[in-house]
Amino acid sequence: MTTAVSILPAQQLAVLNDAYRKAVGRKRLKGALAVAVFFAVMVVAAVGAEVNLRTLFTYFGNFVSYFDRIFTLEDGTRVWTNFGEWFWGWQKWLKMLGETILISYVGTLIGAVFALALNFFAAENTSPSPWLRFTVRRLLEFARTVPGIVFALIFVIAFGLGPMAGVLAIAIHSTGALGKQFAEIVENADMKPVEGVRSTGASWLSCMRFAVLPQVVAGYASYALLRFEINVREASVMGFVGAGGIGQELVVAVRKFYYSDVSAILVMIVLTVFCIDIGTGWLRGRLFGKETQT
Amino acid sequence: MNLAAADRDGLRARYPDIFNRPASARLATPAMLLIAVGILVFGLVDLEFSPARLAAGLHQLGWITLMMLPPDPGSSLPLYLKALGETLSIALLGTTLAAVIALPVSLLAARNIVRSNILRFPVRRFLDSIRGVDTLIWALVWINVVGLGPFAGVLAIAVSDFGAFGKLFSEAIEAADQKQVEGIRASGGGALHEIRFGLIPQVLPVIAGQVLYFIESNTRSATIIGIVGAGGIGLQLAEQIRVLEWQKVSFLILMILIAVAAIDWISGKLRFAIIGRRAVA
């Protein structure tokens, strides 16, 4: 079977081909320019960050051998041949991990309560006045942008060494992050119930309580659980600056070259994070599986 | 209201689900709240919270805040600007490096490319374990390997983002439309052709959007890895906090906030330019 391909006269074809080539050429030029700019930025950044490929090549062996060393016990055998020796401090470490999870839990809960109190003021549709909304939004932004560990550094000086500084740092950061997410849920809420409640003569507070809150509470809980998950990770490094949790043990082990301890603590942290991830995932599915509105 | 009150029995009869909820359903919420508050109280006690400590700390914090005003870099402004540049470089390089390494690995973790569960599973768990370790911990490890300085920071961000990117990219690849791939196969393309001409054009905009978003969030991470000695503005910040130079501290925090806002703005613009306004990942 022959197919008829209609071919335009040569003149018309030439014009079209020309236009096509020009268009493709322009696109290629743009692409090439973007790539050139990208590489220029990379080179500038590489100089700025003192990237030294020779160092990397010289020391890459170190990176591999570092992992070799942290998986070797002091008597030269592999760590998994002797679990008792590898996890010799498991009772202490388990206790510190418990503290880490507790720091994250208390911090998340305090943060969620503050976010709950503030988010109605930050949401476009429920805020009583524009300047209040502006102020609350800037406050939340500040709490969210300054990294948690910077707050921890300052709080360690103000409140003294210990988990309290870590909890407060996580609470502030969570307030900022959750406040924004909560406000976004509220902005997506249906406003008809609010009108209904207001038409009965209710105050602003009653409107929030009886018209908005029932719509958004599931979303709140879901985001708070996610935040808890993130905060467990965050809390695991709070100890680096003296703000409690397992990080303290880890930093000591790394700095003093207790190699097998480093791997033991890392394995415990990773396992804990896994368990928390799976646990909160399961809980979210249980609680909101059927009625996920957000 | 009187109407409703007069008809209470009628209402009860018509809506038994609302008026006669089983005890288990009614008790579930208070019970959960009780457990949550119980753990909270236990936590507060166990973590040595006390009103006295809180009050003293807040007093101290108020004092510190007063000391921070007005923000003032002293004579170290050039040093701080250089440190900020270093931080931005760390974020940029680390993220790019992570993306470059993660792209091939993410292909191995995607269901529509590697069909075998047994092959995919270890790759996924490997990525999960990398993600389970915080960037700061990676920074500590890399400092042991390449020494103090920003280079350790670049590698730390690259490794921890590698885990995140591997997962995100593989999800983007799994979400890609299979029709193009089938089209390539129908016209006689090999497996590599399928990936290059069927998949990559679909997922590249999504991936570019994610990379830009990560550069944004890594500017934040890069500010803190200096705290353990991996270069950038965090190093200066931690030092000034330790020597209680509060005016410099507030100036540094201000610098970080402005830099993050600027990067947010730029990457927002770029993201719109790449993937269009309608689909912001």
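**An all-helix pair of chains**

Read along the sequence, chain A goes α-α-α-α-α-α-α-α-α-α-α, where each α is a helix, that is, a DSSP run of H or I with at least four residues (strands are E runs of at least two), numbered from the N terminus. That comes to 11 helices and zero strands. Chain A has a radius of gyration of 28 Å, well over the 19 Å from the globule rule for 294 residues, so chain A is more spread out than a compact globule. The radius here is taken over C-alpha atoms, and the rule is 2.2 Å times the number of residues to the power 0.38. Along the principal axes, the C-alpha trace of chain A spans about 85 × 75 × 50 Å.

A few ground rules help with what follows. This is a predicted model, in which local features need pLDDT of at least 70 and side-chain atom pairs count only at pLDDT 80 or more, while totals for chains, interfaces and linings use all residues. Residues are numbered from 1 along each chain as its sequence is written, and chains are lettered from A and ligands numbered from 1 in the order in which they are written.

How sure is the predictor about chain A? The average pLDDT (the predictor's confidence in each residue, from 0 to 100) is 84 for chain A, and 96% of the residues score at least 70. Among the elements of chain A, helix α7 (residues 163-187) has the highest mean, 91, and helix α2 (residues 53-70) the lowest, 76. Over residues 290-294 of chain A the pLDDT drops below 50, and this stretch has seven contacts in the model beyond near neighbours in sequence. A contact means that the C-beta atoms of two residues, placed from the backbone, lie within 7 Å. Where pLDDT is low, the predicted coordinates should not be read in detail.

Chain A also comes with a domain assignment, of the automatic or database kind: domain 1 covers 10-51 and domain 2 covers 87-288. The centres of domain 1 and domain 2 of chain A, taken over C-alpha atoms, sit 45 Å apart. Of the contacts in chain A with a separation of 6 or more, 71% are between residues 24 or more positions apart. As for burial, 41% of the 294 residues of chain A count as buried. A residue is buried if 20 or more other C-beta atoms lie within 10 Å of its own, exposed if 12 or fewer, and partly exposed in between, with C-beta atoms placed from the backbone.

Two helices of chain A show burial up close. Helix α6 (residues 148-159) of chain A has 10 of its 12 residues buried, so it is largely enclosed by the rest of the structure. Among the buried ones are A:G148, A:I149, A:F155 and A:F159. What covers them? The cover includes α7 and α9 (204-238) of chain A, together with α5, α11 (191-225) and α12 of chain B. The 12 residues of α6 of chain A should span 16 Å at 1.5 Å a residue, and the end C-alpha atoms are 15 Å apart, which agrees; the expected span is 1.5 Å times one less than the number of residues. Just after this helix, A:G160 takes a positive phi of about 85°.

Helix α10 (residues 247-255) of chain A is also largely enclosed by the rest of the structure, since seven of its nine residues are buried. The buried residues of α10 in chain A include A:G247, A:L250 and A:V254. In the loop between α10 and α11 (259-288) of chain A comes A:F257, which has a positive phi near 60° despite being a residue other than glycine. With 11 C-beta neighbours inside 10 Å, A:F257 counts as exposed.

Now for chain B, which has 13 helices and zero strands. Chain B has a radius of gyration of 27 Å, where a compact globule of 281 residues would be near 19 Å. The C-alpha atoms of chain B fill a box of roughly 75 × 70 × 40 Å along the principal axes, and buried residues make up 37% of the chain. In chain B, B:L244 lies in the loop between α12 (233-242) and α13 (246-275). Phi of B:L244, a residue other than glycine, is positive and near 60°. B:L244 counts as exposed, with 11 C-beta neighbours inside 10 Å. Elsewhere, a cis peptide bond joins B:L69 and B:P70, with omega about -15°. B:P70 lies in the loop between α5 (51-68) and α6 (77-109) of chain B.
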